[in-house]
Amino acid sequence: MSLKPGGGTSGGGSSSGPAVVPLAGYAAVDATTAPAAAPIAVGGAPLSVDPAAFTGATWTFCVTGYVSSGRTATVTLYDVTAGATAATISITATTQTAYTASVTKPGTARVYRVTLGVDGTLTTHTAVLNGAALEIGS
């Protein structure tokens, strides 16, 4: 799937502010199915994002989620095109919390996917991702 922003508002004007590119919705994992050492892809198919379609040089990876007590989840924005991690966020809160990480704006279109894993060894070692997105612009 390729994403390019649509234009404007219902009144025909242009919208302002940052663009939000959804990457993943709700996902719940435990350490037996998505250990930190072998995280799983969440959010469906990888998404192609073309920086030429957006204004603004500020790119931010935004997630919300939580973990079971004493655990740490790792959420990674993986750049499939470059074969490298674009951003990593560690979730440590036991209640719904928002986290952000800076992403370097690429020079060309990139395909991204989101992965999630949680440390531990038991099914009670859990992580919940309530959403992940790229915020582009300021």
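Modeller: Before we look at this predicted model, one term: two strands count as a pair if DSSP finds at least two bridges between them.

Colleague: Fine. How many helices and strands does the protein have?

Modeller: There are zero helices and ten strands, and the pattern along the sequence accordingly reads β-β-β-β-β-β-β-β-β-β.

Colleague: And what is the mean pLDDT of the protein?

Modeller: The mean is 90, with 88% of the residues reaching 70 or more. Residues 1-14 are another matter, since their pLDDT is below 50, although the model gives this stretch 19 contacts beyond near neighbours in sequence. Where pLDDT is low, the predicted coordinates should not be read in detail.

Colleague: OK, let's talk about β9. Is the strand largely enclosed or open?

Modeller: Strand β9 covers residues 110-118, and seven of those nine residues are buried, so the rest of the structure largely encloses this strand.

Colleague: Which strands are joined to β9 by bridges?

Modeller: Strand β4, residues 40-49, runs antiparallel to β9 and is joined to it by six bridges, while strand β6, residues 73-79, is also antiparallel to β9 and is joined to it by seven bridges.

Colleague: Give me residues I can click on. What is the bridge partner of V42 in β9?

Modeller: V42 is partnered by V114. For β6, you can click on Y78, whose bridge partner in β9 is R113, and on T74, which stands opposite G117 in β9.

Colleague: How covered is β6, then, and what else does β6 pair with?

Modeller: Five of the seven residues in β6 are buried, so the strand is mostly covered. Besides its bridges to β9, β6 pairs with strand β7, residues 84-91, in the antiparallel sense over seven bridges. One of the matched positions is D79, whose bridge partner in β7 is A84. β6 and β7 form a hairpin with four residues between them, and G83 in that turn has a positive phi of about 70°.

Colleague: Can we stay with β6 for a moment? What is T76 in contact with?

Modeller: T76 lies in strand β6 and counts as buried at 11% relative accessibility. Leaving aside neighbours within four places in sequence, its contacts are F61, T85, A87, T88, R113, V114 and T115.

Colleague: Changing topic: how many salt bridges does the structure hold?

Modeller: The structure holds two. In one of them the side chains of D79 and R110 meet at 2.9 Å, N to O. D79 lies in strand β6 and R110 in strand β9, so this pair ties together parts that are 31 residues apart in sequence. D79 itself is buried, with a relative accessible area of 8%.

Colleague: Which side chain does D119 meet in a salt bridge?

Modeller: The side chain of D119 meets that of R71, at 3.8 Å, N to O. This pair links distant parts of the chain, with D119 in the loop between β9 and β10 (126-136) and R71 in the loop between β5 (59-67) and β6, 48 residues apart.

Colleague: Are those two buried or exposed?

Modeller: D119 is partly exposed, with a relative accessible area of 26%, whereas R71 counts as buried at 19%, the cut-off for buried being under 20%.

Colleague: I was also curious about T32. Where is T32 found?

Modeller: T32 is found in the loop between β3 (27-30) and β4, and counts as partly exposed at 44% relative accessibility. The side chain of T32 makes a polar contact with the side chain of D30, at 2.4 Å. Not counting residues up to four places away in sequence, T32 touches T121, L122 and T123. The C-alpha atoms of T32 and V118 are separated by 9.0 Å, although these residues are 86 apart along the chain.

Colleague: Last thing, the nonpolar core. Which residues of the largest one touch the most other members?

Modeller: That core has 34 residues, and those touching the most other members are V49, F61, V63, L77, V114, L129 and L134. β10 gives the most to this core, with five residues.

Colleague: And for the whole protein, what share of residues counts as buried?

Modeller: Of the 138 residues, 38% count as buried. As for contacts between residues at least 6 apart in sequence, 79% of them join residues at least 24 apart.

How values were computed:
Residues numbered from 1 in each chain as written. Predicted model: local features only at pLDDT ≥ 70, side-chain atom pairs only at ≥ 80, totals over all residues. Heavy atoms only, no water. Buried < 20%, exposed > 50% of the residue type's maximum accessible area, 1.4 Å probe, protein only. Helix = DSSP H or I, 4+ residues; strand = E, 2+ residues; numbered from the N terminus. Salt bridge = Lys/Arg side-chain N within 4 Å of Asp/Glu carboxyl O. Contact = heavy atoms within 4.5 Å. pLDDT = per-residue confidence, 0-100. Polar contact = N/O pair within 3.5 Å; in protein donor to acceptor, adjacent residues only side chain to side chain. Core = buried A, V, L, I, M, F, W, Y, C linked by side-chain atoms within 4.5 Å.
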